[in-house]
Amino acid sequence: MEPGWLMWARELQAIAQTGLEFARDPYDRERYIAVRTLAARIMAQPASADTLWVEKLFAAETGYATPKVGVRGAVFGEDGRILLVREVADSGRWSLPGGWAEVNQSPSESVVREVLEESGFAVSVRKLAAVYDRSRNPHLPPRPFHIYKLFFVCDIVGGEAQTSSETSEVAFFAEDEVPGDLSIGRVLPYQITRMFEHARSSTLPTDFD
């Protein structure tokens with residue numbers, strides 16, 4: 001589980017954001033802004049972050065507060081090996097290809113796009129393998145907003161290995177060859193193991209927290 005201060009700050013920020021969306025009384029709006037500022041202070045101090053930067057980050061979020069959605073593609077070749085990419089933004093550590101779900105795209109469309117952009121492979125989605133709450137899994141570093149992570153098992157239908165501005169290498173690995181230097185903010189070792197299990201069993205139900 002994430003530290004209590006992070007969860008409290010995140011919840012206060014969500015209360016303030018939603019309150020500002022619906023409040024019409026100017027005094028209520030002042031109170032919600034004060035709550036948002038307090039949330040920023042709670043989050044910034046233990047993380048040694050700039051409070052003003054966190055306040056601006058929170059202020060940029062508007063509307064009813066809901067979790068953000070990320071997608072990851074567990075792409076398997078015909079030989080049963082899994083596709084991983086080196087993440088430029090994380091010092092070349094390995095990850096399943098993926099990123100944020102896009103507006104006006106379904107989750108499956110988003111993962112197909114992300115895989116193509118980061119690896120060069122066109123894929124089709126076989127199944128939704130897992131829906132993980134990032135805060136309930138030991139991903140590092142912690143993130144300021146609540147995130148759901150959707151993992152899809154995918155099959156290659158075209159394309160070829162190709163790096164991008166986000167990735168420096170594209171490669172396939174057998175289950176006992178998965179590298180140890182994973183980008184654990186994006187994917188964890190047991191999640192990759194679980195993807196191999198889902199690929200082997202079409203009847204395995206979707207995992208969720």
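A crossing of two helices is right-handed if the near helix is turned clockwise from the far one by less than a right angle, and left-handed if anticlockwise. I start from that wording because the handedness of a crossing comes up twice below. The model I am looking at is predicted.

**Entry 1: H2 against H3**

I looked up the crossing of H2 and H3 and found it right-handed. H2 covers residues 26–47 and H3 covers residues 51–59. Their axes lie 9 Å apart, and the packing angle is about 130°. I therefore note H2 and H3 as oblique to each other. An angle has to be over 145 degrees to count as roughly antiparallel.

I then listed the residues in the contact. From H2 come Arg36, Thr37, Ala39, Ala40, Arg41, Met43 and Ala44, and from H3 come Thr51, Val54, Glu55, Phe58 and Ala59. Sorted by class, the contact of H2 with H3 holds 7 nonpolar, 2 polar and 3 charged residues.

I also checked the loop between H2 and H3, where Ser48 is placed. Ser48 is not a glycine, yet its phi is positive, at about 55°. Its relative accessibility is 71%, so I put Ser48 down as exposed.

**Entry 2: H1 against H2**

Next I took H1, residues 4–22, with H2. The two axes come within 8 Å and cross at roughly 155°. H1 and H2 are therefore roughly antiparallel to each other. This crossing is left-handed.

On the H1 side I recorded Trp5, Leu6, Ala9, Arg10, Leu12, Gln13, Ile15, Ala16, Gly19 and Leu20. They meet Arg29, Tyr32, Ile33, Val35, Arg36, Ala39, Ile42, Met43, Pro46 and Ala47 in H2. By class, the contact of H1 with H2 has 15 nonpolar, 2 polar and 3 charged residues.

**Entry 3: The nonpolar cores**

Which residues have the most contacts inside the largest nonpolar core? I found Phe76, Ile82, Leu84, Leu96, Phe151, Ile192 and Met195, in a core of 18 residues. Strands S1 (68–76), S2 (82–87), S5 (121–133), S6 (147–159) and S7 (167–173) each supply at least two residues of this core, and so does helix H5 (189–200).

Apart from this core lies another one, of 12 residues. Among its members I noted Leu83, Val111, Leu150 and Cys154.

I followed Phe151 further, leaving aside its neighbours within four places in sequence. Phe151 is in contact with Leu96 and Met195, and also with Arg72, Lys127, Leu128, Ala129, Ala130, Tyr132, Arg186, Val187 and Gln191.

**Entry 4: Ala171 in S7**

Ala171 lies in strand S7. Is Ala171 buried or exposed? I have it as buried, because its relative accessibility is 17% and the cut-off for buried is under 20%. Not counting residues up to four places away in sequence, Ala171 touches Ile82, Leu83, Leu84 and Trp94.

I compared its position with that of Thr37. Ala171 and Thr37 are 134 residues apart in sequence, and their C-alpha atoms are 45 Å apart in space.

**Entry 5: H4 and the loop before it**

Asn104 sits in the loop between strand S4 (98–100) and helix H4 (107–119). I found a positive phi of about 70° for Asn104, although it is not a glycine. With a relative accessible area of 79%, Asn104 is exposed.

In H4 I looked at Arg113. Arg113 is charged by class, but it counts as buried because its relative accessibility is 15%. Outside the residues up to four places away in sequence, Arg113 touches Trp100, Ala101, Glu102 and Gln105.

**Entry 6: Two prolines**

Where is Pro141? I located Pro141 in the loop between S5 and S6. The peptide bond from Leu140 to Pro141 is cis, with omega near 0°.

Pro189 lies in helix H5. At 49% relative accessibility, Pro189 counts as partly exposed, since exposed begins over 50%. I also took the spacing from Pro189 to Pro3: the two are 186 residues apart in sequence, and 22 Å apart in space from C-alpha to C-alpha.

Notes
Residues numbered from 1 in each chain as written. Predicted model: local features only at pLDDT ≥ 70, side-chain atom pairs only at ≥ 80, totals over all residues. Heavy atoms only, no water. Axes fitted to C-alpha atoms, helices over the stretch in contact; angles between N-to-C directions. Helix = DSSP H or I, 4+ residues; strand = E, 2+ residues; numbered from the N terminus. Parallel < 35°, antiparallel > 145°, perpendicular 65-115°, else oblique. Contact = heavy atoms within 4.5 Å. Core = buried A, V, L, I, M, F, W, Y, C linked by side-chain atoms within 4.5 Å. Buried < 20%, exposed > 50% of the residue type's maximum accessible area, 1.4 Å probe, protein only.
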